[in-house]
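Visitor: Please take a close look at a single part of this model, and then follow it outward to whatever it touches. A formal, connected account would suit me best.

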Amino acid sequence: MAEFKERQVFTRRELPVLALLALGALGLLFWLRAVPSGRTAVLEVEGAEIARRELSALSGPESLKITGANGVELEVEFSPEGARVASAACPDKTCQRTGLLTKAGECAVCLPGRVVLKLEGGDEPDAQTY
Amino acid sequence: MSFTSPEQALPPERRKAKRFALCLTLAALLLVLGFGFFHFISRANREESLDSFVMGSYVRQTVWGAQSQEPLMDVCVRLAELEAHLTWRDFVGEESQRDVANLNHARGKKVEISSETGTLLAEAQELAKRSGGAFDPTIGPVSALWSFDDSPSLPEPEAIAQTLPLVDYTKLSLDSEEYLEAVPNEDGSHTDSLGVRYPAASLAVPGMAVDLGAMGKGAACGAAVEEYRQAGVKAAVVTVGGSVGLFGKKPDRKPFRVSVRDPKGEGSMGVLDLDGGFVSTSGSYEKYFEEDGRRYHHLLDPRTGYPAESGLVSVTVWCEDSGALSDGLATACFVLGLEDGMALLESYGAQGLFVDEAGIVTLTPGWAERFSLTGEGYTIG
């Protein structure tokens, strides 16, 4: 028995501590995988990011007026529910008609103004067809 | 005489300490190897992305396994060339590149075109034939009247009636020639295969005009995927406007997830799980204007000259090999309506999703298990 004890790398007293550590590590891993990452609204003009909002951190709607390429003026609204182009001073208004973006991976694009509003997040699909 | 190992000669405490040190060293070694392996895998699977505006569209690229942004930049250059080939506008690219614009201005004369444009025109003409004219690449004169890309307005009925005879895909002629093509095999060798290319085209009647707008974004996805294949990347997703190209296998080996825009509301109506190929959508919600209380959308029926009234609001189509075809089929199916559209997809071995005005979603059999409905107000038919 004495010889068996000598061959042990860890003593019996150390084993519960190691088991707790292993359980803790596993728990942390599962927690990191299970907690969904928040949705972030990203606003870009001609490929350059000009605003970024973590939607869950917003307490209420926030409005932002910007001027895109070719002098196209847009008003973008961020809220805990999502993000949208509230108004666009261009003829087609495709971005405005896209409506409220609520899921990661969705985007509204103003081609004349070269403006992109998109939602990023952990469960983002790879692409959107429209 | 008994044999004693040097370790056994040590006192028990020293032996224990030595083993503990050995374990620590092994753990450190494993950690270093693990990090090295992780670094190697991460580098091999590195994700590169690039957003840009090319071909009058928002282009989004995500590529796995590229060591730099080079393949993504190459795609931007390739798409700019493709735009010059396919546009009917006179100010894009060099004059010698403008295949479609030159063809439209040639007043019946034969024009030399790039092999890329030739292949696309042949594909478009075949689709026109198989759809009974519900898709027509010579719709240019009618689409110019509606001007959905610039300042849309309702044309006079007389103007449409006068222009409609100019829309006729059978009067588009393509010169064809066979050539030997070296097709690469998986083992690196090549096999000669007989291919067909179209070096010249002509339009029979002055005033006729080709408009490949209904295939252009899908064709761009096809060109991008060809670039990714040549660059040897592991996987890629490219979106050109609302058309999507999917290539390779992602590092997590999971299918690509493509969300479908909600045609009646906001956001998306569902998600498709796909292993590759090309996806395009044609919807009446994307471009439209209202006049005298009536809505006019941009999906024109080449047979009437007016926006198609097929009872559908959106059609999404998947093709395995051709982005241009997925795009053209989506338009053709929208114009044809559910029943004829389904038959057309079957004839091409393509898959699709049809949404009608009542919110009924109809899927081709191959998509029954691949589509998850998330939007409200829809039922699977």
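Guide: In chain A, contacts between residues 24 or more positions apart make up 32% of the contacts with a separation of 6 or more. The model is a predicted one, and chain A is the part examined here. Of its 130 residues, 29% count as buried. Chain A holds three helices and eight strands, and its elements follow one another from the N terminus as α-α-β-β-β-β-β-α-β-β-β.

The sheets of chain A come next. One is an open sheet of four strands in the order β2-β1-β7-β6, paired in the antiparallel sense. Its edges are formed by β2 (48-54) and β6 (107-110) of chain A, each of which pairs on one side only. Ignoring direction, neighbouring strands of this four-stranded sheet are turned by 15° against each other on average. Within the sheet, strand β1 (residues 40-45) and strand β7 (residues 115-120) of chain A run antiparallel and are joined by six bridges. A:Val45 has A:Val115 in β7(A) as its bridge partner.

Another open sheet in chain A has three strands, ordered β3-β4-β5 and again antiparallel. Here β3 and β5 (82-88) of chain A are the edge strands, with pairing on one side only for each. The average turn between neighbouring strands of this three-stranded sheet, direction ignored, is 25°. Strand β3 (residues 62-67) and strand β4 (residues 73-79) of chain A are held in antiparallel register by six bridges. Along this pair, A:Glu62 faces A:Phe78 in β4(A), and A:Leu64 faces A:Val76 in β4(A). Five residues lie between the strands of this hairpin, and A:Asn70 adopts a positive phi near 60° there.

Chain A also meets chain B. At this interface 24 residues of chain A are in contact with 32 residues of chain B. On the side of chain B that touches chain A, α1 (12-44), β1 (47-54), β6 (235-240), β8 (256-261), β9 (268-274) and β10 (277-283) of chain B each contribute at least two residues. The greatest contribution to that side comes from β8(B), with six residues. Sorted by class, the side of chain B that touches chain A comprises 11 nonpolar, 13 polar and eight charged residues. The two chains are also linked by strand pairing: strand β8 (residues 127-129) of chain A and β8(B) run parallel over three bridges. In this pairing, A:Gln128 lies opposite B:Ser259 of β8(B).

From the interface strands the path leads further into chain B, to a helix that packs against two of them. The buried residues of α2(B) pack against β1, β2 (57-64), α3 (99-105), α4 (115-130), α7 (213-231) and β6 of chain B. Helix α2 (residues 70-86) of chain B has 17 residues and spans 24 Å from its first C-alpha to its last, close to the 24 Å expected at 1.5 Å a residue. Its buried residues include B:Val75, B:Leu79, B:Leu82 and B:Leu86. An α-helix has 3.6 residues a turn, so residues three or four places apart point the same way. These four, B:Val75, B:Leu79, B:Leu82 and B:Leu86, are also among the residues of α2(B) that meet α7(B). On the side of α7(B), the partners include B:Ala220, B:Ala223, B:Ala224 and B:Tyr228. The contact of α2(B) with α7(B) has 11 nonpolar, one polar and three charged residues. The axes of α2(B) and α7(B) lie 9 Å apart at an angle of about 145°, and the crossing is right-handed.

The loop between α2 and α3 of chain B contains B:Ser96. B:Ser96 is exposed, because 10 other C-beta atoms lie within 10 Å and exposure requires 12 or fewer. Its C-alpha atom is separated by 26 Å from that of B:Pro71, 25 residues away along the chain.

Helix α8 (residues 323-336) of chain B has 14 residues and reaches 20 Å end to end between C-alpha atoms, close to the 20 Å expected at 1.5 Å a residue. Since 14 of the 14 residues of α8(B) are buried, this helix is largely enclosed by the rest of the structure. Just after α8(B), B:Gly337 takes a positive phi of about 95°.

How values were computed
Residues numbered from 1 in each chain as written. Chains lettered and ligands numbered in written order. Predicted model: local features only at pLDDT ≥ 70, side-chain atom pairs only at ≥ 80, totals over all residues. Contact = placed C-beta atoms within 7 Å. Nonpolar A, V, L, I, M, F, W, Y, C, P; charged D, E, K, R; others polar. Pairing = 2+ DSSP bridges. Expected span 1.5 Å × (residues − 1). Buried ≥ 20, exposed ≤ 12 C-beta atoms within 10 Å, placed from the backbone. Axes fitted to C-alpha atoms, helices over the stretch in contact; angles between N-to-C directions. Left-handed = near helix turned anticlockwise from the far one by under 90°.
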